Amino acid sequence: MKIATIETGSGPRPAVVAEDRILDITAAWELASTDPAPGSVLDIVASRSTFAALRQVVDAAGSHLWSSLATARLLAPIPCPTKNVFCVGRNYKLHIVEGARARGVPVEYPPLPEFFTKPPTTVIGPEAEIRLPSNTEKLDYEVELAFVVGRAGRDISAADALGHIFGFTVLNDVTARDLQRAHGQWFKGKALDTTCPIGPWIVTTDEFDVTKEHRLWLTVNGDKRQDAFISDMVFDCAAILSSLSAGMTVEAGDIITTGTPSGVGLGLNPQIWLKNGDVVEAGIEGIGSIRNTVRAA
């Protein structure tokens, strides 16, 4: 199932996408059930019974309740995460190589996942603008596979990790490389407003088998910059969730992203940075793509 958030006259609402159609869950739920409708995607993610009931609501929804996907305004699937987005740096082998080359340092693969976070104020959805502030001259892009936790846990084993995941989405970890370097750590360069486009929806685990091969890609103004497969990851989703949850509770609705492949602006020769008016599209086969335009602040 593809679960999205749409903007309506009554505010953001959860929705289900099927091919080129979209279903307002609230409207369909009120006709099919006497129980209160979930108010957000987070309500669906956090409750297995709500998700099970949603399947029945979708199956019962008549064709008149579905509308054209093209008419919907999609927001980030979880527009306001309850905590920072968890991120992993240096997790694709060829990206590690290009980063080392750009910095003139030896290639070293990390022995453990390298975590940082992006605050909720970075999150935007499809077609929203990426803000280009005056305090950076080196804004970069990073297409990533992200997953949403569906079942809370701590000290989760790698063998059990996939059972804690609700679904997967596309994330663009937009990064101010000059701030990242100047501050001596990753957070500031990763934390600027609007630098975490997510979407277009969450694909549940029953429809996206992360143990299989999947291609991810990114274009800038139609020019292909990144094109790789998730098999290039150093640490897969299960290993990442197991490492992150060691001694620390992850909760339903937490968003965890998994690193970017090679082809970022930092690794090009010459380096190319995002500029005002650039259109960036990031996609993953089996999920979809998100498109955003860069605008000078």
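The exercises below, each with a worked solution, concern a predicted model of a single structure.

**Exercise 1. Confidence**

Determine which element of the chain has the lowest mean pLDDT and which has the highest.

*Solution.* Begin with the chain, whose pLDDT averages 97, with 100% of the residues scoring at least 70. Then turn to the elements, among which helix H4 (residues 93–103) has the lowest mean, 90, whereas strand S18 (residues 279–284) has the highest, 99.

**Exercise 2. The faces of helix H1**

Work out how the buried residues of helix H1 (residues 25–32) are arranged about its axis, and what covers them.

*Solution.* First list the residues of H1 that are buried, namely Ile25, Thr26, Ala28 and Trp29. Next look down the helix axis: these buried residues fall within an arc of 165 degrees, so they line one face of H1. This can be set beside the general rule that an α-helix has 3.6 residues a turn, so residues three or four places apart point the same way. On the other side of H1, by contrast, Glu30 and Leu31 are exposed. Then identify the cover of the buried residues, which includes strand S2 (11–18) and strand S3 (21–24), together with helix H2 (41–45) and helix H3 (48–60). Finally, inspect the N-terminal end of H1, which is capped by aspartate 24, a side-chain oxygen of this residue lying 3.0 Å from the backbone nitrogen of threonine 26.

**Exercise 3. Cysteines without a partner**

Explain why cysteine 237 forms no bond with the closest cysteine sulfur, and examine cysteine 196 in the same way.

*Solution.* The criterion needed here is that two cysteine sulfur atoms lie within 2.5 Å, and by it the count of disulfides is zero. For cysteine 196, the nearest cysteine sulfur belongs to cysteine 87 and is 6.2 Å away, and cysteine 196 is in no disulfide. For cysteine 237, the closest cysteine sulfur is also in cysteine 87, but at 13 Å, which is too far for a bond. As to their surroundings, cysteine 196 is buried with a relative accessible area of 0%, and cysteine 237 is buried with a value of 3%.

**Exercise 4. Strand S12 and its neighbours**

Establish how many residues of strand S12 (residues 165–172) are buried, and which strands are joined to S12 by bridges.

*Solution.* Count the buried residues first: eight of the eight residues of S12 are buried, so this strand is largely enclosed by the rest of the structure. Then follow the pairing with strand S11 (residues 143–149), which runs antiparallel to S12 and is joined to it by seven bridges; in this pairing alanine 146 stands opposite threonine 169. Strand S14 (residues 196–204) is likewise antiparallel to S12, here with four bridges, and valine 170 stands opposite glycine 199 of S14.

Methods
Residues are numbered from 1 along each chain as its sequence is written. This is a predicted model: local features need pLDDT of at least 70, side-chain atom pairs count only at pLDDT 80 or more; totals for chains, interfaces and linings use all residues. Side-chain values use heavy atoms; hydrogens and water are left out. Buried means under 20% relative accessible area, exposed over 50%, partly exposed in between (1.4 Å probe, protein chains only). Helices (H or I, at least four residues) and strands (E, at least two) are DSSP runs, numbered from the N terminus. The arc is that of the directions from the helix axis to the C-beta atoms. Contact means heavy atoms within 4.5 Å. A polar contact is a pair of N or O atoms within 3.5 Å; within protein, one must be able to donate a hydrogen and the other to accept it, and residues adjacent in sequence count only if both atoms are side-chain atoms. Two strands pair if DSSP finds at least two bridges between them. pLDDT is the predictor's confidence in each residue, from 0 to 100.
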